[in-house]
Amino acid sequence: HEVLVADAATGRPLGSLKGHAGEMHGMEICADGRHFVTGGRDHSVIVWNLDTLRPTLDIDAPRGPVETIAFAPDGRTVFT
């Protein structure tokens, strides 16, 4: 499963974020505009760098599938 990334002004595709083995349910962009977090049914949380479209952090969520996810206002903390 993947998230497609496009330029908001032109609609031009920039790439995609691929990394979850199952469906993604939770996702949010950080207030800094440079990071994006996704959570999935595969029990993982991935923080993406939107400049490189690569993961900066990949965490297993031992308590089960991640249905919802959010950045804290500080941009350094993620809630699942």
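I looked up Asn-49 and found this residue in strand E5, which spans residues 44–49. The model is a predicted one, so I take all that follows as computed from it.

I checked burial next. Asn-49 has a relative accessibility of 13% and therefore counts as buried, the cut-off being under 20%. For polar partners I noted that a polar atom of the Asn-49 side chain lies 2.7 Å from the backbone nitrogen of Asp-51. Leaving aside residues up to four places away in sequence, I listed Arg-34, His-35, Arg-54 and Thr-56 as touching Asn-49.

His-35 led me to strand E4, residues 35–40. I found 6 of its 6 residues buried, so I entered the strand as mostly covered. I then sorted the residues by direction. His-35, Val-37 and Gly-39 point one way from E4, while Phe-36, Thr-38 and Gly-40 point the other way. Residues of both sets are buried. I recall that side chains in a regular strand alternate between the two faces of the sheet.

I went on to the neighbours of E4. Strand E3, residues 24–29, runs antiparallel to E4, and 5 bridges join them. E4 and E5 are also antiparallel, joined by 5 bridges. I followed Phe-36 across: Phe-36 is the bridge partner of Ile-29, and in E5 the partner of Phe-36 is Trp-48.

Last, I looked at the turns. The hairpin of E3 and E4 has 5 residues between the strands, and Gly-33 there takes a positive phi near 75°. In the hairpin of E4 and E5, 3 residues lie between the strands, and I noted a positive phi of about 70° for His-43 in the turn.

Definitions and conventions. Residues numbered from 1 in each chain as written. Predicted model: local features only at pLDDT ≥ 70, side-chain atom pairs only at ≥ 80, totals over all residues. Heavy atoms only, no water. Helix = DSSP H or I, 4+ residues; strand = E, 2+ residues; numbered from the N terminus. Buried < 20%, exposed > 50% of the residue type's maximum accessible area, 1.4 Å probe, protein only. Polar contact = N/O pair within 3.5 Å; in protein donor to acceptor, adjacent residues only side chain to side chain. Contact = heavy atoms within 4.5 Å. Pairing = 2+ DSSP bridges.
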